[in-house]
Number of protein chains: 2
Amino acid sequence: MSLEFILLGLLRRPASGYDLKKFFDEGIGYFWAAELSQIYPTLKRLEKRGWVRSRAAASKRGSGRRVYVTTPAGRRALREWLRGEPQFGDERFAYLAQVYFMDELKDLRQTIRFFGRMRDHFATKLDALRMLDRRWAEADPRYPDDLPTSELHLQLTLRKGLLSLEAHVLWCDEAIRRMGARLPGAKPRRPQPKRAS
Amino acid sequence: MSLEFILLGLLRRPASGYDLKKFFDEGIGYFWAAELSQIYPTLKRLEKRGWVRSRAAASKRGSGRRVYVTTPAGRRALREWLRGEPQFGDERFAYLAQVYFMDELKDLRQTIRFFGRMRDHFATKLDALRMLDRRWAEADPRYPDDLPTSELHLQLTLRKGLLSLEAHVLWCDEAIRRMGARLPGAKPRRPQPKRAS
DNA sequence: GCGTCCATGTAAACGGTTACATGATTGC
DNA sequence: GCAATCATGTAACCGTTTACATGGACGC
């Protein structure tokens, strides 16, 4: 269960369940999401196992908070996870299934519109990551290759998001162009001369 | 529930639960997976709803099969799904979380090895898709831009896999190179001269 | 006779989401 | 007074995986 280890990682700095939820939403949402209703029971489970401990604390608004932090045993468990195999869950892409079956609509314009909407989606996410990247570069002259090693690890995950989303946008653009060329009235493609073989 | 619609799409050609499982494993595994224990009850549910119908059939080995096919009502449901919004489930990448926290190990060589294993994984999948791509190109001179529209849709999903996995491999290579340059004994990078601004 | 493939299912567990419930505090 | 934010939790449900169960037919 990856969430447990992710919490162990995040709780190397003390935080409440509520804090963690915010961090998922605002910080690392591009690779993991979690709901409060899942976070709270998981924290209790980790505490029972001795991997985190908690103390009551005051909150600005409302009643008390409970702040958790990873214990040495928790750190050992985290390190074991990190030394293990990369966790590739099998990826499911419903939107790819939609493209796969889209010929059912017998309407290429519809597919083009669908790709347009996907492009918007990916481009928006890409813009957000580019913003993060730019801000970081402006704030730290060591960015990216002279950062301290700990921050390099974060930068590498950001870089993955950038490369991946760029590929997604490229895919949409290419697909839209290729389908546009098939629309009635489109300039016919020059037939590709085969290379001498 | 995307699986239902994927089955409706696949069952435009008649197939048994067992056939479908094979197709997930050998055909469209790069965007969806399903177990037999999930396929069989789903087929029954779809039949009860009138979206597929079934008939008993003989099997080569073993006892009888049950072959399902999508009904006109099922096709209408499928088309509605296809005309709707692209389904982006929130993506979870446990291996990115591992990279994110990998500084905990305080051992850059370990991170490099981790990236090496990830590279292998992605490169293997990429090779498999490239093989598919090459075979298709050899078998059909219309590949890729003069394919009939129905096959173009399939080609576009394959193209996504290729672009995406290429980006993943590129990411690993880049990361390994950048980390290698930080290892003690590595040739120090030439400091990047800032562009005149 | 034994393993593999064909073929269909059920039951329990798991990870995650949605809905529901409660309550204090601050700013408008 | 009311909405938003801070804060913690439970219960029901949903989609998926893992484990279990059964049995016929073919090749070695």
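Select residues 8-80 of chain A. In this predicted model, that stretch is 48% helix and 19% strand. Its end C-alpha atoms sit 12 Å apart. UniProt, in an unreviewed entry, annotates the span as "domain: Transcription regulator PadR N-terminal".

Now select residues 96-178 of chain A. Here the span is 82% helix and 0% strand. The end C-alpha atoms are 17 Å apart. The UniProt label, again from an unreviewed entry, is "domain: Transcription regulator PadR C-terminal".

**Stop 1: DNA strand D**

Show DNA strand D and the residues around it. There are 23 of them, and Ser59(A), Arg65(A), Arg66(A), Ser37(B) and Gln38(B) come nearest. By class, this surface has 6 nonpolar, 8 polar and 9 charged residues.

Colour by element of secondary structure. From chain A, α2 (17-26), α3 (36-48) and β3 (65-70) each supply at least two residues, as does α3 (36-48) of chain B. The largest share is 4 residues, from α3(A).

Which part of DNA strand D lies within 4 Å of the protein, sugar or phosphate, or bases? Of those atoms, 68% belong to sugar or phosphate, and the rest to bases.

Zoom in on three contacts:

- Arg66(A): a backbone N or O atom is 2.8 Å from a phosphate oxygen of the strand.
- Gln38(B): a polar side-chain atom is 2.4 Å from a phosphate oxygen.
- Ser37(B): a polar side-chain atom is 2.5 Å from a base oxygen.

**Stop 2: DNA strand C**

Switch to DNA strand C. It is surrounded by 24 residues, and the closest are Ser37(A), Gln38(A), Tyr40(B), Arg65(B) and Arg66(B). The classes are 6 nonpolar, 8 polar and 10 charged. Of the strand's atoms within 4 Å of the protein, 68% belong to sugar or phosphate and the rest to bases.

Pick out three residues of chain B. A backbone N or O atom of Tyr18(B) lies 3.1 Å from a phosphate oxygen of strand C. For Tyr40(B), an N or O atom in the side chain is 2.7 Å from a phosphate oxygen. Arg66(B) places a backbone N or O atom 2.8 Å from a phosphate oxygen.

Then step back to the elements. Those giving two or more residues to this surface are α3 of chain A, plus α2 (17-26), α3 and β3 (65-70) of chain B. The largest share, 4 residues, comes from α3(B).

**Stop 3: where chain A meets chain B**

Hide the DNA. Select the residues of each chain that contact the other: 75 in chain A and 75 in chain B. The size of an interface is often quoted as the accessible area lost when the parts come together. Here the two chains bury about 7800 Å² between them, with 62% of it on carbon and sulfur atoms.

How many residue pairs are in polar contact between chain A and chain B? The count is 38, with both residues at pLDDT 80 or more. On the chain A side, the elements giving two or more residues are α1 (2-10), α4 (72-83), α5 (94-101), α6 (108-139) and α7 (149-180). The largest share, 20 residues, comes from α7(A). By class, the side of chain A that touches chain B has 41 nonpolar, 15 polar and 19 charged residues.

**Stop 4: salt bridges**

Side chains of opposite charge can pair when their charged atoms come close. The count over all chains is 34 salt bridges. Between chain A and chain B, the count is 14.

Show Arg79(A) and Glu104(B). They form a salt bridge, with the closest N and O atoms 3.1 Å apart. Next, show Glu85(B) and Arg117(A). Their closest N and O atoms are 2.8 Å apart, in another salt bridge. Glu85(B) is in the loop between α4 (72-83) and α5 (94-101) of chain B, while Arg117(A) is in helix α6 of chain A.

**Stop 5: backbone details**

Go to Pro144(A), in the loop between α6 and α7 of chain A. The peptide bond from Tyr143(A) to Pro144(A) is cis, with omega near -5 degrees.

Jump to chain B. Pro144(B) is in the loop between α6 (108-139) and α7 (149-180). The bond from Tyr143(B) to Pro144(B) is cis, with omega near -10 degrees.

Finish at Lys106(A), in the loop between α5 and α6 of chain A. What is phi of Lys106(A) near? Phi is near 50 degrees, a positive value in a residue other than glycine.

Conventions
Residues are numbered from 1 along each chain as its sequence is written. Chains are lettered from A and ligands numbered from 1 in the order in which they are written. This is a predicted model: local features need pLDDT of at least 70, side-chain atom pairs count only at pLDDT 80 or more; totals for chains, interfaces and linings use all residues. Side-chain values use heavy atoms; hydrogens and water are left out. A residue is near a molecule or strand if one of its heavy atoms lies within 4 Å of it. A polar contact is a pair of N or O atoms within 3.5 Å; within protein, one must be able to donate a hydrogen and the other to accept it, and residues adjacent in sequence count only if both atoms are side-chain atoms. Ala, Val, Leu, Ile, Met, Phe, Trp, Tyr, Cys and Pro count as nonpolar, Asp, Glu, Lys and Arg as charged, and the others, Gly among them, as polar. Contact means heavy atoms within 4.5 Å. Buried area is the accessible area (1.4 Å probe) that two parts lose on being put together, summed over both. A salt bridge is a side-chain nitrogen of Lys or Arg within 4 Å of a carboxyl oxygen of Asp or Glu. UniProt positions are given in the numbering used here, feature names are shortened, and annotations may be inferred rather than shown by experiment.
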